[in-house]
Amino acid sequence: MSELTLEVVTPDRTVVSTPVAVAVCPGMAGEFAVLKNHISLLSALKVGVLRYRTESREEQKVFVNQGFADVNNNVVTVLVESAELAEDIDAARAEAAKRRAEERLADKSDNIDHARAQAALNRALVRLSLARH
C-alpha cells in the first residue's frame, strides 16, 4: 500500500481521497510530480489536468480550476475552486461554454471582460480535452 495520499478538495466537496503512487499537478511554473517522502511544498496551481497513478499503475485524471497544492507528511492536499473527474465531465456542456466564451471574445466592445472570457475559454478547452480522451 502506498504511503502517499491525494486529497482534491473544493469548497463544496472532496473530489478525490485516495492512496497514490504519484501525483502530477499543473503548477503555475509547470507540472510537478509528487512521490512519497517528497519535501514539504506549497504551490499555486493553474487551470489544468491533475494526473495520478494508483499502486495498481492505473492513471486517473482530474480537471482542476486554480488553487493550491500543499505537500506535507506524505499527503498531497489540492485545494481548488472546482474539480471534476475526467469521466464526470459533460462534453456537451463544455462545448456550449466554449462557444459562449468564443462569442464573448469576438465582441470587441468595452462591455466585455475579455480576461474573464479568456479564462472561461481556457477552462472549457481543458474540460473538452479531458472528455475526449
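This text walks through a predicted model, from its paired strands to one buried threonine and then to its largest pocket.

Start with strand S7, residues 59-72. Several pairings involve this strand. Strand S5, residues 41-45, pairs with S7 in the antiparallel sense. That pairing runs over 5 bridges. To find a point on it, look at alanine 44. Its bridge partner in S7 is phenylalanine 68.

Next comes strand S6, residues 48-53. S6 also pairs with S7 in the antiparallel sense, here over 6 bridges. Arginine 51 marks the spot: its bridge partner in S7 is lysine 61. S6 and S7 form a hairpin, with 5 residues between them. In the turn sits arginine 57. Its phi is positive, at about 75 degrees.

Now follow S7 onward to strand S8, residues 75-85. These two strands are antiparallel as well, and they pair over 10 bridges. Asparagine 65 has serine 82 of S8 as its bridge partner. S7 and S8 form a hairpin too, with 2 residues between the strands. Here asparagine 73 takes a positive phi, near 50 degrees.

Serine 82 leads to the next stop, since it is one of the residues that threonine 10 touches. Where does threonine 10 lie? Its place is the loop between strand S1 (4-9) and strand S2 (14-20). Is threonine 10 buried or exposed? Its relative accessible area is 10%. The cut-off for buried is under 20%, so threonine 10 counts as buried. Leaving aside residues up to four places away in sequence, threonine 10 touches Val15, Val80, Glu81, Ser82 and Ala83.

Turn last to the largest pocket. It holds about 230 Å³ of space. Which elements give two or more residues to its lining? They are helix H1 (91-106) and helix H2 (114-132). H1 supplies the largest share, 5 residues. The lining includes Arg93, Ala94, Ala97, Arg100 and Arg104. Ala120, Arg123, Ala124 and Arg127 line the pocket too, as does Glu84. What classes of residue make up this lining? There are 6 charged residues and 4 nonpolar ones. Polar residues are absent from the lining.

Notes: Residues numbered from 1 in each chain as written. Predicted model: local features only at pLDDT ≥ 70, side-chain atom pairs only at ≥ 80, totals over all residues. Heavy atoms only, no water. 1 Å grid on protein atoms, 1.4 Å probe; cavity = no way out; pocket = protein on both sides within 12 Å on 5 of 7 lines; lining within 4 Å. Points joined across faces, edges and corners; volume = space filled by probe spheres on them. Helix = DSSP H or I, 4+ residues; strand = E, 2+ residues; numbered from the N terminus. Nonpolar A, V, L, I, M, F, W, Y, C, P; charged D, E, K, R; others polar. Buried < 20%, exposed > 50% of the residue type's maximum accessible area, 1.4 Å probe, protein only. Contact = heavy atoms within 4.5 Å. Pairing = 2+ DSSP bridges.
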